[in-house]
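Student: I'd like a close look at a single part of this model. Could you walk me through one strand and what sits beside it?

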Amino acid sequence: MTRTSTRRLLVTRRNPETTHYEAVGELVRDENGFTFTYRDGSRALPSMPHTGQPYRSDVLFPLFSHRVISPRRADHDAYLAGLHLPPEATPFEVLTRSGGRSAVDTLELTPIPEPGHVDLCFLVHGIRHLGEAERARIDTLRPGQRLHLEAAPDTPTDEHAILVTDDGHRLGYAPRPLTQYVHPIMASEHELTVERVNHRDAGFHMRLLVRLVGTYPG
C-alpha cells in the first residue's frame, strides 16, 4: 500500500450553489502536532473564530478528527482498505486520502505537494456525472494500469478542470482544489496510474483511487 508523506492540507469550502471552492486555510502536521492557519479574507470555521491568528494543538483539531472514521466501527478496516491504507494509518493520512467530506458542511481537504518530487494519491471526482458506459469502464481497470490527465478548459463549471481518462474515455476529474497543483505537474514528465478500484457499493466518491507521480515546480 502507498502511504502518504504529505504534511500540508488545503482546507476549502464548496459553495453548493455555484460549486466553486473557497480556500479557507492550511492544516499542517509536524513532529510536535498540528497548526491551522487561515488564508487572508477567509470566513471563520466553527470552534476557530479568530481568523487573524494561527491555531496550534498537540492533537488533531476536533473539527478535522471528527471527519475520520472511528477505529471502533466494524467497517473501519474495510473503509481504509478502500483508500488503500493499512488499518494503522493515522487520522491525518486518512484525511489526505478521503478529503474529509462530511454530511454537515461542504469543507474538503486537499494535499498540498511540496516543490520537487511528487507521489500522491487522490480519489477521482465527478463519477456520478458520467454515463453508464463510462462508469462501467471503471470496473475494467486494474491496479498499476496507466491512465492520463487532460486539461478540459471547455468544462462549463470550471475552466481549470482536469479530466482523468483511459484511452480517451472519461473516468472523472481531478478534485477541483487540487488542479492548481496538478496543472504544473502535467507540464513535465509524470505518470498517473490506478491505485485501487472499489465496488460500486462504495459510492461514487470512493470508486476510483489514482496515483500521480511527477515533479511540482512550486
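Student: Which residue is the bridge partner of R13 in strand 5?

Tutor: Bear in mind that we're looking at a predicted model. The partner you're after is L107, which sits across from R13 in strand 5. That contact belongs to a longer ladder: strand 1, residues 8–14, and strand 5, residues 107–111, pair in the antiparallel sense over 5 bridges.

Strand 1 has another partner too. Strand 2, covering residues 21–30, pairs with strand 1 over 7 bridges, again in the antiparallel sense. One place to see this is R8, which stands opposite V28 in strand 2. The two strands form a hairpin, with 6 residues between them. In that turn, have a look at T19: its phi is positive, at about 65°.

So how enclosed does that leave strand 1? Buried here means under 20% relative accessible area. By that cut-off 5 of the 7 residues of strand 1 are buried, so the strand is largely enclosed by the rest of the structure.

While you have the model open, there's also the aromatic side of things. The structure holds 5 aromatic pairs. Take F61 and F64: their ring centres are 6.4 Å apart and their planes are at 75°, so this pair counts as edge-to-face. The cut-off for that label is an angle over 60 degrees. Both F61 and F64 are buried, and together with F36 and Y38 they form one aromatic cluster.

Definitions and conventions: Residues are numbered from 1 along each chain as its sequence is written. This is a predicted model: local features need pLDDT of at least 70, side-chain atom pairs count only at pLDDT 80 or more; totals for chains, interfaces and linings use all residues. Side-chain values use heavy atoms; hydrogens and water are left out. Rings of Phe, Tyr and Trp (its six-membered ring) pair if their centres lie within 6.5 Å; planes under 30 degrees apart count as stacked, over 60 as edge-to-face and the rest as tilted. Buried means under 20% relative accessible area, exposed over 50%, partly exposed in between (1.4 Å probe, protein chains only). Helices (H or I, at least four residues) and strands (E, at least two) are DSSP runs, numbered from the N terminus. Two strands pair if DSSP finds at least two bridges between them.
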